[in-house]
Amino acid sequence: MITVHHLNNSRSQRILWLLEELDLPYEIVRYQRDPKTMLAPPSLRAVHPLGKSPVVTTDDGLTLAESGAIIQTLIERHGAGRLAPAAGSDDAVRYRYWLHYAEGSLMPPLLLKLVFDRIETAKMPFFAKPIAKAIAARAKASFITPNLVSHLNFLEAELAHRPWFVNEALTGADIQLSFPIEAAAARGGLDSSRPRLMDFLARIHARPAYQRALERGGPYALLS
Ligand SMILES: N[C@@H](CCC(=O)N[C@@H](CS)C(=O)NCC(=O)O)C(=O)O
């Protein structure tokens with residue numbers, strides 16, 4: 001049996017979606033973020049030293065973190081040809097690219113935006129507030145927003161060529177990209193001015209497997 005160590009409102013939602021697409025049996029161990037810090041509880045460190053979600057464990061002794069590695073491994077082991085292109089094909093190169101790009105390139109500016117947005121609204125002594133706000137505004141204007149704009153333009157342009165990021169069929173790469181694209185819609189400036197990305201989100205959210213994963217995973221704030 002596969003166990004997903006699932007943190008609320010987190011990247012582990014996409015692993016639940018993957019497992020539903022593959023129609024695999026799995027169980028969920030739930031962890032709740034600290035409402036103030038938004039960090040995972042220390043109990044997650046007992047599963048993996050970094051204490052981040054997702055982590056997947058299996059009856060045969062595998063403990064695996066990193067969503068990209070989890071997606072790739074589960075599809076290799078259980079995909080039976082589904083959700084990944086044929087090895088050695090041009091599509092396999094695109095598949096690998098997007099699996100790495102999602103966390104390696106797209107998530108960092110989204111995370112920076114989240115951190116600097118929080119700095120702007122954080123409680124602090126009154127005299128520090130204008131300084132903190134000015135630093136946050138400067139970081140966003142000079143680095144974070146231009147980077148996000150360029151990523152969103154890139155992603156929007158890619159979907160002009162094909163319905164899914166690799167090609168004609170949904171793959172694990174789309175599942176890996178779903179979290180940063182949802183995060184971009186929630187807080188990263190993605191809106192109807194980029195209709196292909198919005199349509200990508202509408203299409204994934206309409207999938208029965210996505211909806212089953214939501215039912216099992218519980219409330220998912222990136223959709224509200
Ligand atoms: N690159 C990792 C990132 C893992 C990660 O940062 N997960 C977040 C949830 S979205 C987390 O566990 N945050 C809680 C914490 O840092 O305490 C992956 O894709 O799995």
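A salt bridge here is a side-chain nitrogen of Lys or Arg within 4 Å of a carboxyl oxygen of Asp or Glu. Keep that cut-off handy for the views below, which come from a predicted model.

**View 1. Arg94 and Glu158 pair up between helices H3 and H4**. The closest N and O atoms of Arg94 and Glu158 are 3.2 Å apart, so with a cut-off of 4 Å the pair makes the list. Arg94 sits in H3 and Glu158 in H4 (residues 129-158), so this bridge ties together parts that are 64 residues apart in sequence. How accessible is Arg94? Its relative accessible area is 22%, so Arg94 is partly exposed. Glu158, at 16% relative accessibility, counts as buried.

**View 2. Lys113, Asp117, Glu120 and Lys140 form one salt-bridge network**. Here the bridges share partners, and that is what joins these four residues. For the wider tally, a search of the whole structure turns up 11 salt bridges.

**View 3. Arg14 meets Glu103 in a salt bridge**. The side chains come together at 2.6 Å, N to O. Look for Arg14 in helix H1 and Glu103 in helix H3 (residues 90-121); the two are 89 residues apart, so to speak distant parts of the chain linked by one pair. Buried or exposed? Both Arg14 and Glu103 are buried.

**View 4. Helix H1 crosses helix H7**. The axes of H1 (residues 12-22) and H7 (residues 208-217) come within 8 Å and cross at roughly 130°. That angle makes H1 oblique to H7, and the crossing is right-handed. Which residues do the touching? On the H1 side they are Gln13, Leu16, Trp17, Glu20 and Glu21, and on the H7 side Ala209, Tyr210, Arg212, Ala213, Leu214, Arg216 and Gly217. Sorted by type, the residues of this contact come out as six nonpolar, two polar and four charged.

**View 5. Glu20 and Arg212 make a salt bridge between H1 and H7**. Zoom in on two residues from the previous contact, Glu20 and Arg212. Their side chains meet in a salt bridge at 2.9 Å, N to O. Glu20 belongs to H1 and Arg212 to H7, 192 residues apart, and the pair links these distant parts of the chain. How do the partners sit relative to the surface? Glu20 has a relative accessible area of 10%, so Glu20 is buried, whereas Arg212, with 34%, is partly exposed. As a general reminder, side chains of opposite charge can pair when their charged atoms come close.

Terms used. Residues numbered from 1 in each chain as written. Predicted model: local features only at pLDDT ≥ 70, side-chain atom pairs only at ≥ 80, totals over all residues. Heavy atoms only, no water. Axes fitted to C-alpha atoms, helices over the stretch in contact; angles between N-to-C directions. Helix = DSSP H or I, 4+ residues; strand = E, 2+ residues; numbered from the N terminus. Parallel < 35°, antiparallel > 145°, perpendicular 65-115°, else oblique. Left-handed = near helix turned anticlockwise from the far one by under 90°. Contact = heavy atoms within 4.5 Å. Nonpolar A, V, L, I, M, F, W, Y, C, P; charged D, E, K, R; others polar. Buried < 20%, exposed > 50% of the residue type's maximum accessible area, 1.4 Å probe, protein only.
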